[in-house]
Amino acid sequence: METSRTSGVRGTTCGSAAGGPRRGGPLIVTEDLGLLDDLLRLCAAAGVEPEVHHRVPERRASWTDPPLVLVGDDAAARCRGAVRRPGTLLVGRDRDDPELWRLAVEIGAESVLSLPAAEGLLVDRLADAAEGADRPALTVGVVGGRGGAGASTLACGLALAAARAGHRTLLVDGDPLGGGLDVLLGGEREGGRRWPDFATSKGRLAGGALEESLPSVRGVRVLSWGRDPAAPMPPEAVRSVLAAARRRGGVVVVDLPRGADPSAVEALAQLDLGLLVVPGELRAVAAAHRMVSTIGPAVRDLRAVVRGPYAAGLDERWVADALRLPLAGELPYDPGIVADQDAGMPPGAEPRGPLGRFCTAFWERALVPGGPA
């Protein structure tokens, strides 16, 4: 009887698949008209609509419910005694004023921001609060220890299993020379944006807008390549897109190229966990050694997924030990997966198959509600 095993994956919380309503805007507390003009301008840049009061609102919910409260330095004294709440920022123009820091402590402010120097940081905080992800997405990268190891197959299976479990899921095709993950999932005809549409992206992208612009296949948002010849994305574009995807929460699965060009290094830096797929044969282990030396320094947590069948004398533990990597799991041999794909069934779409069971077990370990970040 075939079994699938996963082991040793750290826990985290994960957002649900449903985006939910957009959160309300921030609360601004100030009577300084010049400061208010600046804060309104920054709110507009972040795409949020604030509520403005001169002092702590009489209605308790107006103080406690907004995702962020911006207290002007002129109003801090009037906010003494208010209920302490997370997401309170004290905003002024003289960061070195010791009185400002004392007031920040008294009202429970998380930090003191001085304009104009902190404008970029404040816009990011406003946009993050509006998007509402409690934690960034758990981002898992999958790469083959050698060509044809089955990394794209595992990436698709992981994405489909996460979506079945109700998690917001984004599958990113990081390999411009691959066949296209949208094709592997059967979604190549779905409308939506592809990588070339983001080639000029720099700085901050709105996570919600990114998600909504991508094709949706079987509950998974997919960022893949078009049918035209593809060139590697500029590193800045990779950084912007993956950062926006992570801010939405849930799960991001990245199918990585076998290499470490500047764009791939940007993707590797965004990962919480890297999975190196290694077939159970000596030549694959030798090739995987080179991959470990190439990408290992850029990945904070790289683990082996070992795939059967095995050459004589090898098993999953032997392969992981030979690579000096923790074992994330053993992926059982699935002789029917090629036939399923020929019939239009994406890899991992059948939850009771070997790949589907492996991916379900993986997420049950990785996505532990209330677990450590």
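In which hand does α1 pass α4? The crossing of α1 past α4 is right-handed, where right-handed means that the near helix is turned clockwise from the far one by less than a right angle, and left-handed that it is turned anticlockwise. Helices here are DSSP runs of H or I with at least four residues, strands are runs of E with at least two, and both are numbered from the N terminus.

The model is a predicted one, in which local features need pLDDT of at least 70 and side-chain atom pairs count only at pLDDT 80 or more, while totals for chains, interfaces and linings use all residues. Residues are numbered from 1 along each chain as its sequence is written, and side-chain values use heavy atoms, with hydrogens and water left out.

The protein has 13 helices and 14 strands. Its C-alpha trace spans about 75 × 40 × 35 Å along the principal axes. Of its 373 residues, 51% count as buried; buried means under 20% relative accessible area, exposed over 50%, and partly exposed in between, with a 1.4 Å probe and protein chains only. Among contacts with a separation of 6 or more, 73% are between residues 24 or more positions apart, a contact being heavy atoms within 4.5 Å.

The opening pair can now be described further. Helix α1 covers residues 33–46 and helix α4 residues 119–131; their axes come within 9 Å and cross at roughly 55°. Axes are lines fitted to C-alpha atoms, for helices over the stretch in contact, and angles run from 0 to 180 degrees between N-to-C directions. The crossing angle makes α1 oblique to α4. Angles under 35 degrees count as roughly parallel, over 145 as roughly antiparallel, 65 to 115 as roughly perpendicular, and the rest as oblique. On α1 the contact involves Leu 39, Arg 41, Leu 42, Cys 43, Ala 45 and Ala 46, and on α4 it involves Glu 119, Leu 122, Val 123, Leu 126 and Ala 127. By class these are 9 nonpolar, no polar and 2 charged residues. Nonpolar covers Ala, Val, Leu, Ile, Met, Phe, Trp, Tyr, Cys and Pro, charged covers Asp, Glu, Lys and Arg, and the others, Gly among them, are polar. In the loop between β6 (111–114) and α4 lies Pro 116, which a cis peptide bond with omega of about 5° joins to Leu 115.

A second pair is α5 (residues 151–164) and α13 (residues 354–366), with axes that come within 9 Å and cross at roughly 60°. These helices are therefore oblique to each other, and α5 passes α13 in a right-handed crossing. From α5 the contact takes Thr 153, Leu 154, Gly 157, Leu 158, Ala 161, Ala 162 and Arg 164; from α13 it takes Leu 355, Gly 356, Phe 358, Cys 359, Thr 360, Phe 362 and Trp 363. This contact of α5 with α13 has 9 nonpolar, 4 polar and 1 charged residues.

The third pair is α10 (residues 282–295) and α11 (residues 316–323), whose axes come within 10 Å and cross at roughly 35°. The crossing of α10 and α11 is right-handed. Leu 282, Val 285, Ala 288, His 289 and Val 292 of α10 meet Trp 318, Val 319, Ala 322 and Leu 323 of α11, giving 8 nonpolar, 1 polar and no charged residues. The loop between β13 (302–307) and α11 holds Pro 309, joined to Gly 308 by a cis peptide bond with omega of about 0°. In the loop between α11 and β14 (327–331) is Arg 324. Phi of Arg 324 is near 60°, positive in a residue other than glycine, and Arg 324 is exposed, with a relative accessible area of 79%.

Helix α8 (residues 235–247) has 13 residues and reaches 18 Å from first to last C-alpha, close to the 18 Å expected at 1.5 Å a residue; the expected span is 1.5 Å times one less than the number of residues. Its buried residues include Val 238, Leu 242 and Arg 246. Gly 249, just after α8, takes a positive phi of about 80°. Gln 270, in the loop between α9 (262–269) and β12 (273–279), counts as buried at 14% relative accessibility. Leaving out residues up to four places away in sequence, Gln 270 touches Thr 139, Arg 239, Leu 242, Ala 243 and Arg 246.
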